[in-house]
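Me: Please take a close look at one helix in this structure. I would like to know how it starts, which way it faces and what it meets.

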Amino acid sequence: MVELLAPAGNYDKMVTAFKYGADAVYMAGKKFGLRAFAGNFDENEMERAVEYAHSLGKKVYITLNILANENDFDELKAYVQYLEKLQVDSVLVSDLGVMAFINEYAPKLTIHVSTQASILNSYAIKALSMFNVKRIVLARECSIEEIKRIRQNIPADIELEAFVHGAMCISYSGRCLLSNYLTGRDSNRGECVQACRWEYCISEKNRKDDKYPIQEDERGTYILNSKDLNMLEHLKDLKDAGVYSFKIEGRMKSPYYVANVVNAYRRAIDNMETLTAEQVQELKDELVKTSHRKYTTGFYYGAEDKECLESSYPVQTHEFMALVVGDHDGEKCLIEMRNRFKVGDELEVLSPNQTFNKIIKIQKMENLSGETVEDAKNVQEKLYLYTNLPLKEYDILRKKV
């Protein structure tokens, strides 16, 4: 038994993650998390989120993983006591002071140690046991073999969590000062501008006005950029090494990204022992249908793969065209337009249900007034789509680019 843990940048993405099979989500309040530019959750939204998740038997983890300054503690007491009262399932923490603070002022809160803490060995984990931690999110720099040894040398009641998919930083465990230096926005306090993704050039010392791009291809070179992690076909290796929770990165990604990636990993986990080569390839193909950079297995298999790549531009093979917002009634369903499509177009279904990857050739659409629509071009217009497929709310319609 393993856990599939998905990002929830806002309430809609949380619901999407659960609809597509996540067992738990991680999210942030308006402060103290490392994705300040995600939508995040105010207190009312967080209460709704926790209530909704628990009604499904799912879990909610709250990020408190900033590297805290002294003045952060002025507001932290009330916040952690609020989270304790709300009965969130854990808080993600990287700072030792914050862990000690939670133990003192909100002792019923379960602590998961964030990847920002750079935990790479069993001695660090045993030292952290004094803070009553339940789970360690391993540093991205750990290999499969190292994880096996760590698992063998720590208490059985401490869980291990590891990233399986998503963007990676060219930095140590995501701790970076490049954003701070170039823009004044602190990447260790949730304000990273992803300066590592920018295009860079060089200049000669005595000719500072002459800038020369570092040439590698027609789009430039991005010397600090990284491939995206993708461990979909290696999940059994991680499970056998002792990883309990498989974590997907992406709180700032789109609902389409969340649906696509969670759906693929859910199917891979549920059939981990029996997947054929053909089924594995089908799921791998899914992961190029949403925005991604070239894929890598990161540090899991040592130095066999390289993290740097030549292009900063994410690519995808399919585009999000419409969201199903009402269940099929036997004849039609209600959809909400995301990108332009027309009668005659073929759209593919992304769904956690049996309609997954089915094709719909658009033959008839109507607006809410019952008027025939040939061209869905009005932004987020709701339309009735006529189809024989039993589509469900939160299914997604996409089109090959």
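Reply: A polar contact is a pair of N or O atoms within 3.5 Å; within protein, one must be able to donate a hydrogen and the other to accept it, and residues adjacent in sequence count only if both atoms are side-chain atoms. This is a predicted model, in which local features need pLDDT of at least 70 and side-chain atom pairs pLDDT 80 or more, while totals for chains, interfaces and linings use all residues. Residues are numbered from 1 along each chain as its sequence is written, and side-chain values use heavy atoms, without hydrogens or water.

The part chosen is helix 4, residues 96-105 (helices are DSSP runs of H or I, at least four residues, and strands of E, at least two, numbered from the N terminus). At its start, a side-chain oxygen of D95 comes to within 2.7 Å of the backbone nitrogen of G97.

V98, M99, F101 and I102 are the buried residues of helix 4 (buried means under 20% relative accessible area, with a 1.4 Å probe and protein chains only). Viewed down the helix axis, they fall within an arc of 165°, so they line one face of helix 4; the arc is that of the directions from the axis to the C-beta atoms.

These buried residues pack against strand 3 (59-64), helix 3 (73-86), strand 4 (90-93), strand 5 (111-113), helix 5 (122-128) and strand 6 (133-137), where contact means heavy atoms within 4.5 Å.

I102 also belongs to the largest nonpolar core, which has 91 residues (buried Ala, Val, Leu, Ile, Met, Phe, Trp, Tyr and Cys joined through side-chain atoms within 4.5 Å). M14, L83, V91, I102 and I136 touch the most other members. Helix 9 (residues 255-270) gives the largest share of this core, 10 residues.

Note on methods:
Buried means under 20% relative accessible area, exposed over 50%, partly exposed in between (1.4 Å probe, protein chains only).
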